[in-house]
Amino acid sequence: MKYTDRLKSLREDNDITQTQIAQVLKINQITYSQYERGVRGLPIDQLINLCIFYNVSADYILGFT
C-alpha cells in the first residue's frame, strides 16, 4: 500500500474530513488533498504530526509494516 493510500485510509477510518485533518496540521485543505493524491510530497514534520495524531508509527504510514 502506498503512503498516499494509507493517509486516506487512516483519515476515513477515523471519520475525519480533509478539512479537519488540515486544521490539525495547520495547513489548508487543498495542501492536504495534494498529500493524499501524491501531487505534493509529505514533509517529514507533517509525517511526525500525523503519527502523533493517529498514534501510529511512521513505518505504518509509509507502508513498511
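Colleague: Helices here are DSSP runs of H or I, at least four residues long, numbered from the N terminus. With that settled, which residue follows H1, and what is the sign of its phi?

Modeller: This is a predicted model. In it, Asp15 follows H1, and the phi of Asp15 is positive, near 55°.

Colleague: Let us stay with H1. Which of its residues are buried?

Modeller: Helix H1 covers residues 3-13, and its buried residues are Thr4, Arg6, Leu7, Leu10 and Arg11.

Colleague: Why do they line one face of the helix?

Modeller: Viewed down the axis of H1, the buried residues fall within an arc of 160°, so they line one face of the helix.

Colleague: And what does that set of buried residues pack against?

Modeller: The buried residues of H1 pack against four partners: helix H2 (18-25), helix H3 (29-37), helix H4 (44-54) and helix H5 (58-62).

Colleague: How many helices and strands does the chain have?

Modeller: The chain has five helices and zero strands. Read from the N terminus, the order of elements is α-α-α-α-α.

Colleague: A change of topic: Gln29. Where does it lie?

Modeller: Gln29 is part of helix H3.

Colleague: Why does Gln29 count as partly exposed?

Modeller: Its relative accessibility is 31%. Buried would require under 20% and exposed over 50%, so Gln29 counts as partly exposed.

Colleague: Which residues does Gln29 touch, leaving aside those up to four places away in sequence?

Modeller: Gln29 touches Gln18, Thr19 and Ala22. With Gln18, the side chain of Gln29 makes a polar contact, side chain to side chain, at 2.5 Å.

Colleague: How far apart are Gln29 and Gln18, in sequence and in space?

Modeller: The two are 11 residues apart in sequence, and their C-alpha atoms are 5.9 Å apart.

Colleague: Now the overall dimensions. What radius of gyration does the chain have, and what would a compact globule give?

Modeller: The chain has 10 Å; a compact globule of 65 residues would be near 11 Å, so the two agree. The C-alpha trace spans about 30 × 20 × 20 Å along its principal axes.

Colleague: What share of the residues counts as buried?

Modeller: Of the 65 residues, 35% count as buried. As for the surface, the chain exposes about 4,100 Å², and carbon and sulfur atoms supply 50% of that area.

Colleague: Finally, what part of the contacts with a separation of 6 or more comes from residues 24 or more positions apart?

Modeller: Such pairs account for 54% of those contacts in the chain.

Conventions:
Residues are numbered from 1 along each chain as its sequence is written. This is a predicted model: local features need pLDDT of at least 70, side-chain atom pairs count only at pLDDT 80 or more; totals for chains, interfaces and linings use all residues. Side-chain values use heavy atoms; hydrogens and water are left out. Buried means under 20% relative accessible area, exposed over 50%, partly exposed in between (1.4 Å probe, protein chains only). Helices (H or I, at least four residues) and strands (E, at least two) are DSSP runs, numbered from the N terminus. The arc is that of the directions from the helix axis to the C-beta atoms. Contact means heavy atoms within 4.5 Å. A polar contact is a pair of N or O atoms within 3.5 Å; within protein, one must be able to donate a hydrogen and the other to accept it, and residues adjacent in sequence count only if both atoms are side-chain atoms. The radius of gyration is taken over C-alpha atoms; the globule rule is 2.2 Å times the number of residues to the power 0.38. Accessible areas come from the Shrake-Rupley method with a 1.4 Å probe; for residues, only the protein chains shown count as cover.
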